[in-house]
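User: I've got a model open and would like to go through its packing with you. Could you bring it up and start with the overall picture?

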Amino acid sequence: MKRILALVLVVLLLLPTVSAASKKSNESQCSFTNITACITDFFFNSILKLFNIPIDILSKLVKTLLITPLKTLSFKPIWQVMVHIISAFYGLLFMYSGFTFLVSGGSPERRENAKSILKKVILMIILVQTSFYIYNLAGEVNVSLTKGIFDLIAKDAFTLKAKPFGSVVLELIFSFSYMAIMFITSLLLVIRNSLVTIGVVFFPFGIAFYFFEPLKSFGSAILNFLGLNMFVSFFVSIVLLTFSKLMEIDGSTQVQALSLASAFLIVDLLLIYVMIFPILKAALSVMFKTKVVTRALK
């Protein structure tokens, strides 16, 4: 028994540690004077390595979800059906613009209004018919911008390297929170990517509704929703780049887990915002217009 205890003691004495002096030299070893700090660092570093395994997987998943190009080709047949549905109303729109021009009489304002309607109809037809290619072009631009930002971020920027700044338990809680928030970020990005991919089907409706005055608020809501969700990955990459650069400042690694958890929490709030705000805005706009019409009828 004494031999075992002596062996354990020798191992503890030989364990590498990071004492107050080793933060500068990185060459210190455990001794009787800092054995508590040695055991604490050894325990913390072991737990940190376990946390970094899923964190590394999640960080790569987040990057992949942000820079993956849109896979809308499988939805092109559905998009074609939607465009055919919209094209059924082209004749009615031309007839409406022509009728407006005929009944304008000698009024210059009415004639200009009829010409304006005709221009909008022609522009709408062009945009609707090419909406699939416009949508994919916008997606490619967004992916290129996002990749450009991610190229500036170090590969290990989101890996935990910090030492406990005060309480080991508190630091471990921050580390676990960081991992949990990153997991939520991955789920939100999966939902966002699904919405943006399916959005190519609704994009032509957004264009058509936007040029039709009674449905303009709905068209604007659809376009805003798809645009915000498409380009949110670019703004997410800027947030992550900013925090990754902050982590390079001396002393910031002492609260790395907390800082990175805050970064991904901001990303989560941004993703939730772009998925909910346009819908709420459109709903409030419709409710307000309904109240105005109801009051006018009364």
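Analyst: Of the 298 residues of the protein, 37% count as buried, and I should say at the outset that this is a predicted model.

User: How many helices and strands are there in the protein?

Analyst: The protein has 10 helices and 0 strands, so that, read from the N terminus on, its elements run α-α-α-α-α-α-α-α-α-α.

User: And what share of the contacts join residues at least 24 apart?

Analyst: If one takes the contacts between residues at least 6 apart in sequence, 77% of them join residues at least 24 apart.

User: Let's look at a helix pair. At what angle do H7 and H9 pack?

Analyst: Helix H7, residues 131–150, and helix H9, residues 216–246, pack at an angle of about 5°, and their axes are 9 Å apart. Because angles under 35 degrees count as roughly parallel, H7 is described as roughly parallel to H9.

User: Which residues in H7 and H9 meet there?

Analyst: From H7 the contact includes Tyr135, Ala138, Gly139, Asn142, Leu145, Thr146, Ile149 and Phe150, and these meet Leu226, Met230, Phe231, Ser233, Phe234, Ser237, Ile238, Leu240 and Leu241 in H9. By residue class, the contact of H7 with H9 divides into 12 nonpolar, 5 polar and no charged residues.

User: Ser237 caught my eye. Is it buried or exposed?

Analyst: Ser237, which lies in helix H9, counts as buried, because its relative accessibility is 0% and the cut-off for buried is under 20%.

User: What does Ser237 touch?

Analyst: Not counting residues up to four places away in sequence, Ser237 touches Thr146, Ile149, Phe150 and Ile153. The C-alpha atoms of Ser237 and Lys147 are separated by 8.5 Å, although these two residues are 90 residues apart along the chain.

User: Switching to rings: how many aromatic pairs does a search of the whole structure find?

Analyst: The search finds 9 aromatic pairs. In one of them, Tyr178 and Phe264, the ring centres are 5.9 Å apart and the planes stand at 55°, so the pair is tilted.

User: Where do Tyr178 and Phe264 sit along the chain?

Analyst: Tyr178 is in helix H8, residues 168–210, and Phe264 is in helix H10, residues 256–297, so this pair, with its members 86 residues apart, links distant parts of the chain. Both Tyr178 and Phe264 are buried.

User: What about Tyr210 and Phe211, what kind of aromatic pair do they form?

Analyst: Tyr210 and Phe211 form an edge-to-face pair, with 5.9 Å centre to centre and 85° between the planes. Tyr210 counts as partly exposed at 36% relative accessibility, and Phe211 likewise counts as partly exposed, at 23%.

User: What lies over the face of Tyr210?

Analyst: Lys216 lies over the face of Tyr210, at 5.0 Å from the ring centre.

User: Which residues do ring pairs link into a cluster?

Analyst: Ring pairs link Trp79, Phe132 and Tyr133 into a cluster.

User: Back to serines. What does Ser175 touch?

Analyst: Ser175 has its place in helix H8 and is buried, with a relative accessible area of 0%. Leaving out residues up to four places away in sequence, Ser175 touches Leu48, Phe51, Leu160 and Ala257. The C-alpha atoms of Ser175 and Ile47 are separated by 9.7 Å, with their positions 128 residues apart along the chain.

User: And Ser259, what is it in contact with?

Analyst: Ser259 is found in helix H10, where it is buried, with a relative accessible area of 15%. Setting aside its neighbours within four places in sequence, Ser259 is in contact with Phe243 and Met247.

User: Last one. Where does Phe75 lie?

Analyst: Phe75 lies in the loop between helix H3 (35–67) and helix H4 (76–87), and it is partly exposed, with a relative accessible area of 21%. Not counting residues up to four places away in sequence, Phe75 touches Thr197, Ile198, Val200 and Val201. Phe75 and Ile198 are 7.2 Å apart in space, C-alpha to C-alpha, and 123 residues apart in sequence.

How values were computed
Residues are numbered from 1 along each chain as its sequence is written. This is a predicted model: local features need pLDDT of at least 70, side-chain atom pairs count only at pLDDT 80 or more; totals for chains, interfaces and linings use all residues. Side-chain values use heavy atoms; hydrogens and water are left out. Axes are lines fitted to C-alpha atoms, for helices over the stretch in contact, and angles run from 0 to 180 degrees between N-to-C directions. Helices (H or I, at least four residues) and strands (E, at least two) are DSSP runs, numbered from the N terminus. Angles under 35 degrees count as roughly parallel, over 145 as roughly antiparallel, 65 to 115 as roughly perpendicular and the rest as oblique. Contact means heavy atoms within 4.5 Å. Ala, Val, Leu, Ile, Met, Phe, Trp, Tyr, Cys and Pro count as nonpolar, Asp, Glu, Lys and Arg as charged, and the others, Gly among them, as polar. Rings of Phe, Tyr and Trp (its six-membered ring) pair if their centres lie within 6.5 Å; planes under 30 degrees apart count as stacked, over 60 as edge-to-face and the rest as tilted. Buried means under 20% relative accessible area, exposed over 50%, partly exposed in between (1.4 Å probe, protein chains only). A charge sits over a ring if NZ of Lys or CZ of Arg is within 6 Å of the ring centre and within 35 degrees of the ring normal.
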